[in-house]
Amino acid sequence: MTNVPTFLNYIDGEWCASRTGATFDNLNPADTRDVVGRFQASTQADAQAAVRAAASAFPAWKRLAPGARAKILLDAAAYLELHAARFGEELTREEGKQKALATDEFVRAAQTLRYYAIEAQSYGGETFPTDDPAMMVYTLREPLGVVTVISPWNFPVSIPARKIAPALICGNTVVFKPASDAPLSGLRLTEALVEAGIPRGVLNFVTGSAGAVGPTLVGAREVRAISFTGSTAAGEQIHRAASLSTRTQMELGGKNPLIVLDAHDIELAVELTIKGGFSLAGQACTGTSRVLVAREIRAAFVERLAARTAALVVGSGMQPGVDVGPLATAGQLRTVLDYIEAGKREATLVCGGEQLTQGEFSYGYFVMPTVFVDVPRDARIAREEIFGPVIAVVDVDDYEDAIDVANDSEYGLAAALVTRDTQLMHRFAGDIEAGTVKINRTTTGNLVNAPFGGLKRSSTATFRESGRDGLEFYLQTKTVYRGV
Ligand code: NAP
């Protein structure tokens with residue numbers, strides 16, 4: 001436990017300790033003896049200071065030329081890319097995902113900053129025809145004010161980047177609270193923007209528990225918008241707690257199905273299930289969690305899936321050749337093991353189903369990739385988000401039955417169909433209740449420049465993230481009637 005670095009909040013242009021001086025430890029989920037860093041256990045007073053700083057900085061930041069705001073985002077992107085390998089290693093240590101994926105995440109965060117730096121400069125209002133030749137009518141797009149950004153641990157830099165970049169470029173100021181289980185990557189994103197010269201108070205970084213800082217970040221009178229990614233339970237609570245004048249954007253959970261109906265598609269479906277279900281140890285909001293398989297090909301599909309699953313290498317994300325890293329937190333480990341026990345009662349275990357506790361796994365949160373078959377449609381493992389390396393295979397009769405099962409869910413984040421039938425591809429895009437529709441692709445993954453979000457309880461039915469749509473959330477419209 002020697003040489004554990006202590007990391008500070010960033011409030012009103014200063015790196016500072018929390019008012020009480022209390023800290024909490026950020027542990028490596030592959031080896032909990034490794035303390036990645038010590039972070040500020042902030043209180044309500046720290047959160048209030050951050051909100052006040054963001055409110056004071058807003059008028060000047062709003063007035064700053066868009067080109068000047070863009071330059072800061074572009075310089076921050078260069079900083080993230082320059083340090084992507086080192087920051088990626090830190091991300092692996094704090095969250096568990098493989099080093100290559102972690103480094104890519106920093107590169108993607110840089111792409112996001114660059115995308116919004118450029119895209120927002122051509123995103124304006126409209127002019128409207130009028131019968132009165134002596135009048136001009138047009139809209140102005142303006143920033144909202146102080147925006148709270150609250151992010152989860154599973155993509156601790158790319159998710160905050162896709163919120164903070166559009167917020168800032170549109171002229172809003174930000175208070176950013178990262179997940180307590182992976183705060184270092186968010187700190188690096190903040191550091192990049194500080195190094196790029198972001199003015200005092202425009203971006204504030206506050207670590208600490210949801211219970212301590214959450215009420216201020218959600219309820220403060222100055223907060224005009226909250227962009228949150230995390231669990232549906234927390235998102236619904238925040239959405240309800242927000243005032244009438246506070247906009248909310250909640251990106252929440254999923255129970256994402258992949259459908260395969262034809263024997264010709266088994267090979268590809270297995271590959272997509274392995275990738276979508278087990279990479280990131282199943283901890284992607286868009287991860288494949290249910291596979292809906294036509295009854296007549298079920299045996300062949302499961303045989304192939306079980307063989308591929310059993311061959312996956314579990315281990316620390318720092319080691320080359322590892323396919324499945326640890327679960328990111330002790331809480332997540334408990335949740336996944338509980339679901340595995342439920343699955344053993346509800347269905348038939350085909351492979352995996354155990355925690356790894358010996359040798360190199362002794363101090364980490366490792367679970368074997370797990371597949372269940374004969375899963376009843378109303379089983380908990382068929383309906384509830386697990387967020388771990390667990391696949392439920394559910395039998396279906398045909399395409400119509402598969403769509404019924406897929407849509408019989410409170411969630412609607414992502415869904416995939418594996419098929420060579422082009423007509424079915426189009427039908428599927430129309431029939432499926434999901435915000436992200438994949439055909440012959442994994443349920444996971446989305447582009448920086450395309451809208452992203454879910455239906456039903458996977459998102460608020462308001463604004464999409466990413467792409468041009470991602471700018472909408474951070475702007476309000478004024479309509480101007482100007483007599484000449
Ligand atoms: P979580 O427990 O809901 O926490 C997410 C973030 O919200 C953390 O920073 C947490 O702080 C904070 N938080 C929780 N309750 C809060 C409250 N009442 N007020 C203010 N802040 C609050 O979720 P998680 O376990 O980190 O992430 C996993 C979940 O995220 C899964 O359900 C997954 O599906 C979802 N997710 C969705 C998307 C998407 O785009 N739809 C993407 C990724 C993940 P602390 O860390 O301090 O508790």
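Visitor: Which element gives the most to the shell around the ligand?
Guide: Helix H8 does, with three residues. Bear in mind that this is a predicted model.

Visitor: Where does the ligand sit?
Guide: In the largest pocket. Besides H8 (232-241), the elements that put two or more residues into the shell around the ligand are helix H5 (158-169), helix H7 (210-219) and strand E10 (223-229).

Visitor: And which residues come nearest to the ligand?
Guide: There are 30 residues around the ligand, and Ser-151, Ser-180, Ser-231, Leu-252 and Glu-385 come nearest.

Visitor: What's the class split in that shell?
Guide: The shell around the ligand has 15 nonpolar, eleven polar and four charged residues.

Visitor: OK, polar atoms. What lies 2.7 Å from a nitrogen atom of the ligand?
Guide: A backbone N or O atom of Leu-252. Leu-252 is also among the residues that come nearest to the ligand.

Visitor: How much of the ligand does the protein bury?
Guide: The protein buries 87% of the 910 Å² that the ligand exposes when taken alone.

Visitor: Back to contacts. Which polar backbone atom is 3.3 Å from an oxygen atom of the ligand?
Guide: One belonging to Gly-230. On the side-chain side, a polar atom of Arg-162 lies 3.4 Å from a ligand oxygen atom.

Visitor: Now the pocket itself. How much space lies in it?
Guide: The largest pocket holds about 940 Å³. Its lining is made up of 36 residues, and Phe-228, Thr-229, Gly-230, Ser-231 and Ala-234 are the closest to its centre.

Visitor: Which elements give two or more residues to that lining?
Guide: H7, E10, H8 and helix H11 (330-346). H8 has the largest share of the pocket lining, at seven residues.

Visitor: And the classes there, in the lining of the largest pocket?
Guide: The pocket lining has 17 nonpolar, 14 polar and five charged residues.

Visitor: Different topic: how many cavities of 30 Å³ or more does a search of the whole structure find?
Guide: Five. The largest cavity has a volume of about 90 Å³.

Visitor: What lines the largest cavity?
Guide: The lining has 14 residues, with Gly-282, Ala-284, Gly-287, Ser-289 and Phe-387 nearest the cavity centre.

Visitor: How many of the residues lining the largest cavity are charged?
Guide: One. The rest of the cavity lining is five nonpolar and eight polar residues.

Methods:
Residues numbered from 1 in each chain as written. Predicted model: local features only at pLDDT ≥ 70, side-chain atom pairs only at ≥ 80, totals over all residues. Heavy atoms only, no water. 1 Å grid on protein atoms, 1.4 Å probe; cavity = no way out; pocket = protein on both sides within 12 Å on 5 of 7 lines; lining within 4 Å. Points joined across faces, edges and corners; volume = space filled by probe spheres on them. Nonpolar A, V, L, I, M, F, W, Y, C, P; charged D, E, K, R; others polar. Near = heavy atom within 4 Å. Polar contact = N/O pair within 3.5 Å; in protein donor to acceptor, adjacent residues only side chain to side chain. Areas by Shrake-Rupley, 256 points an atom, 1.4 Å probe, with all protein chains shown as cover. Sits in = over half its atoms within 2 Å of the grid points. Helix = DSSP H or I, 4+ residues; strand = E, 2+ residues; numbered from the N terminus.
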